[in-house]
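Grab a coffee and work through these exercises with the viewer open. Try each task before reading its solution.

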Amino acid sequence: MKYTVKSPKVLQMLYPKRLWRLDPTEKVIYLTFDDGPIPEITPWVMNTLEAFDAKATFFCIGDNVRKHPEVYTDLLQKGHRVANHTMHHVKGWKTPLLDYLRETESCHNLMEAASGDAEVSKLFRPPYGQLRSNQSKALQKKGYKIVMWDVLSADFDLNLSPEKCAENVIKHAKAGSIVVFHDSLKAAPRLQVALPAVLKEFSKRGFAFKCIP
């Protein structure tokens, strides 16, 4: 599994219309969580964030919203932002354009239906970070803002220790950083150690944790 903890500058320059980081002059970290919501992990994440008065952005898989609407609703009620991560976590590089757009729109429509009066953002994160140029252009035309990241915790990596995942974030995140965690069963053993460690460290440094606007 190949990945970089810190997003390469060259990628950020190649795709300037995608959101990699926010205002570097504000002492704010933007925590994001991919692949939920699920009852086994997402409520724990919400409780952990609440202990630090932290808000975050959750990139939801539509099928998980369908299966666990009560967890999804709880995210909204607790003041977190919900965003689109496709209906079934599809790989952009292997999915034809129309199928990819269908996946994204299906997720958005389902989230809107499950949200009641709450507004659903058009923030979108491609699963695996995979997005072809024609997909990117078509999504942007439909009003989606493509959100990438500048720091990966790599909590999905079964070969890493939880402490290493925490270190990945503590070492590389700075003002305005968009950080990726996963509220998934696979990531849970590392997430449940790394997230509190990150929240403690950056709180100590005087940082706030906010939703992506």
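Helices here are DSSP runs of H or I with at least four residues, strands are E runs of at least two, and both are numbered from the N terminus. The model is a predicted one, so to speak of local features takes pLDDT of at least 70 and side-chain atom pairs count only at pLDDT 80 or more, while totals for chains, interfaces and linings use all residues. Residues are numbered from 1 along each chain as its sequence is written, and side-chain values use heavy atoms, with hydrogens and water left out.

**Exercise 1.** Place Leu-110 and say how well covered it is.

*Step 1.* Look in helix α5, residues 97-114: that's where Leu-110 sits.
*Step 2.* Recall the cut-offs: buried is under 20% relative accessible area, exposed is over 50%, and partly exposed is in between (1.4 Å probe, protein chains only).
*Step 3.* Leu-110 comes out at 23% relative accessibility, so it counts as partly exposed.
*Step 4.* For a distance check, take Lys-78: it is 32 residues from Leu-110 in sequence and 20 Å away in space, C-alpha to C-alpha.

**Exercise 2.** Which backbone oddities turn up at Pro-37, Asp-53 and Ala-154?

*Step 1.* Start with the background: most residues other than glycine have a negative phi, and most peptide bonds are trans.
*Step 2.* Gly-36 and Pro-37 are joined by a cis peptide bond, with omega about 0°. Pro-37 belongs to the loop between β1 (28-34) and α2 (42-51).
*Step 3.* Asp-53 isn't a glycine, yet its phi is positive, about 55°. You'll find Asp-53 in the loop between α2 and β2 (57-60).
*Step 4.* Ala-154 also isn't a glycine, and its phi is positive, near 65°. Its loop runs between β6 (151-152) and α7 (162-172).

**Exercise 3.** Are Asp-53 and Ala-154 buried or exposed?

*Step 1.* Asp-53 has a relative accessible area of 65%, so call it exposed.
*Step 2.* Ala-154 has a relative accessible area of 0%, so call it buried.

**Exercise 4.** Where is Leu-14, and is it buried or exposed?

*Step 1.* Leu-14 is in helix α1, residues 9-14.
*Step 2.* Its relative accessibility is 56%, so Leu-14 counts as exposed.
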